[in-house]
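Here's a quick walk through the pockets and the charged side chains of one protein model. Have the viewer open and follow along.

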Amino acid sequence: MKSPERDVRDGPAGDQGRAAGDSGGPVGRAAGERGRLAGLDGIRGVAALFVMVHHCWLMAFPGYPADTGPGWLGWLLYGHIAVVVFIVLSGFSLAVSPARSGWRLGGMGRFAQRRAWRILPPYWAALAFSLVIAWTLVPQPGEGPPTAKSVAVYGLLLQDLFGAPSPNGAFWSIAIEAQLYLVFPLLLLVLRRAGAAVMLGAVTVIVVAIGLLAPAVPAVGMLMRLTPQFAVLFAVGVVAAGVIAAGDRLRRLPWHWLALLAAVPVLAVIVVRGSVWTVGNYFWIDIALGPAVGLLLAAVATGRPASLVRLLDLRPFRSLGSFSYTLYLIHAPIVVAIYQLVVAPNVPGGLPAFLTALVLAVPVALLAARTFASLFELPFQRHRSWPALREAARARLSRMRAAVRPAP
């Protein structure tokens with residue numbers, strides 16, 4: 001039996017807190033700083049936290065995709081929606097710098113190097129961490145202990161192409177994220193030469209065709225493993241980033257109200273049709289939600305609604321967003337281990353178990369992720385090459401030695 005997260009693709013897309021959303025330049029912390037947009041880190045942080053709470057919900061209320069928990073907690077079943085946010089935000093953040101420079105990437109080699117430098121060190125460190133947890137404490141739900149094939153497949157980011165026991169239920173989206181990076185230069189080329197509508201329309205037509213043909217054509221159906229609807233979401237984010245370089249008339253549009261208008265019909269369908277139908281139709285739900293998320297990002301990028309932007313830019317949300325990629329990468333093994341080894345043997349299932357998991361697993365995962373990020377994520381954000389990283393490490397080591405050296 002496979003874990004529900006892996007089957008329905010409902011883990012957070014890696015940073016996709018920040019892995020999914022770093023433009024190569026620092027996007028997100030404070031308004032007024034060059035290259036930074038207030039509120040984006042807050043969105044990353046909230047989305048990553050929501051996914052972690054969603055996984056606590058999955059552990060406490062079995063039966064997914066059926067909603068077996070209290071009605072007032074039913075919204076926690078839809079952790080997959082956070083992945084939609086991550087993927088749109090990824091395209092948006094990557095496109096911010098090109099949008100400011102005529103939709104030019106600035107060099108394929110440089111782009112590839114920066115992407116690899118950004119996502120791979122924390123990912124590989126998290127993979128090692130997840131393997132240790134799965135081998136020594138408890139494997140992921142529905143998975144056996146990872147094998148040598150798991151190490152190879154997940155180490156090479158091929159987990160959406162080849163099956164292997166998963167060491168971490170959240171890792172599926174990292175492979176998809178890497179594949180979207182490969183098509184990003186092509187999306188920019190089409191956008192620059194033919195316009196945003198043509199680029200987004202072409203991607204949407206191709207993906208919708210896949211979705212329509214998949215049930216009847218096995219060869220096309222195999223493409224569904226790649227979660228092709230995320231290409232549409234990614235393209236929506238790229239197009240939405242155009243608001244950065246738009247004129248005042250376009251920037252003054254009520255993007256937040258348009259986002260609400262786009263989201264309400266989709267959310268109404270989810271409520272009316274229920275969780276089982278929604279999960280079974282995430283392909284179409286994701287595509288339908290993409291425009292609402294893109295419009296919301298355009299709103300935040302233009303500073304509206306001001307109250308929401310101020311809230312998202314508060315220090316706790318900015319801080320959470322700064323290590324949201326790491327939180328995404330390592331929270332699943334922590335949540336599973338605490339729940340299965342501590343909560344399940346000692347607390348009745350259902351709501352008591354869920355609340356206990358929140359009290360125990362969430363703080364531990366947050367603390368672990370912040371510490372882990374300080375070692376394997378944040379240094380690679382601050383220093384963009386091995387020489388710079390080594391020099392910073394030497395300088396820090398020298399300061400530490402000086403601090404402990406006895407005074408003469």
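The notes below take the two biggest pockets, then the salt bridges, and end with one buried glutamate. Keep in mind that this is a predicted model.

**Pockets**

Let's start with the largest pocket, which has a volume of about 730 Å³. Its lining is made of 25 residues, and those nearest the centre are Ile81, Val85, Leu267, Val293 and Leu296. Two or more lining residues come from each of α2 (40-60), α3 (80-100), α11 (255-280), α12 (282-301) and α13 (306-312). The top contributor is α11, with seven residues. If you're thinking about what kind of surface a probe would see, the lining splits into 23 nonpolar, two polar and no charged residues.

The second largest pocket holds about 510 Å³ of space. It has 20 lining residues, with Leu180, Val183, Val203, Val207 and Ala231 closest to the centre. Here α6 (172-194), α7 (196-213) and α9 (229-240) each put in at least two residues, and α6 gives the most, with seven. Its lining has 18 nonpolar, two polar and no charged residues.

**Salt bridges**

How many salt bridges does a search of the whole structure find? It finds three, listed here with their closest N to O distances.

| Acid | Base | N to O distance |
|---|---|---|
| Aspartate 41 | Arginine 44 | 2.7 Å |
| Glutamate 377 | Arginine 118 | 2.9 Å |
| Glutamate 391 | Arginine 394 | 3.7 Å |

Aspartate 41 and arginine 44 sit three residues apart in helix α2, so about one helical turn separates them. Are they buried or exposed? Aspartate 41 is at 0% relative accessibility and counts as buried, and arginine 44, at 0%, is buried as well.

Arginine 118 forms a salt bridge with glutamate 377. Arginine 118 is in helix α4 (residues 108-136), while glutamate 377 is in the loop between α16 (351-376) and α17 (378-382), so this pair ties together parts that are 259 residues apart in sequence. Arginine 118 is buried at 1% relative accessibility, and glutamate 377 is buried at 1% too.

Glutamate 391 and arginine 394 are three residues apart in helix α18 (residues 386-404), so they are separated by about one helical turn. Arginine 394 counts as partly exposed because its relative accessibility is 48%.

**One more acid**

Glutamate 177 belongs to helix α6. With 1% relative accessibility, glutamate 177 counts as buried. Its C-alpha atom is 9.8 Å from that of phenylalanine 86, and the two residues are 91 residues apart along the chain.

Conventions
Residues numbered from 1 in each chain as written. Predicted model: local features only at pLDDT ≥ 70, side-chain atom pairs only at ≥ 80, totals over all residues. Heavy atoms only, no water. 1 Å grid on protein atoms, 1.4 Å probe; cavity = no way out; pocket = protein on both sides within 12 Å on 5 of 7 lines; lining within 4 Å. Points joined across faces, edges and corners; volume = space filled by probe spheres on them. Helix = DSSP H or I, 4+ residues; strand = E, 2+ residues; numbered from the N terminus. Nonpolar A, V, L, I, M, F, W, Y, C, P; charged D, E, K, R; others polar. Buried < 20%, exposed > 50% of the residue type's maximum accessible area, 1.4 Å probe, protein only. Salt bridge = Lys/Arg side-chain N within 4 Å of Asp/Glu carboxyl O.
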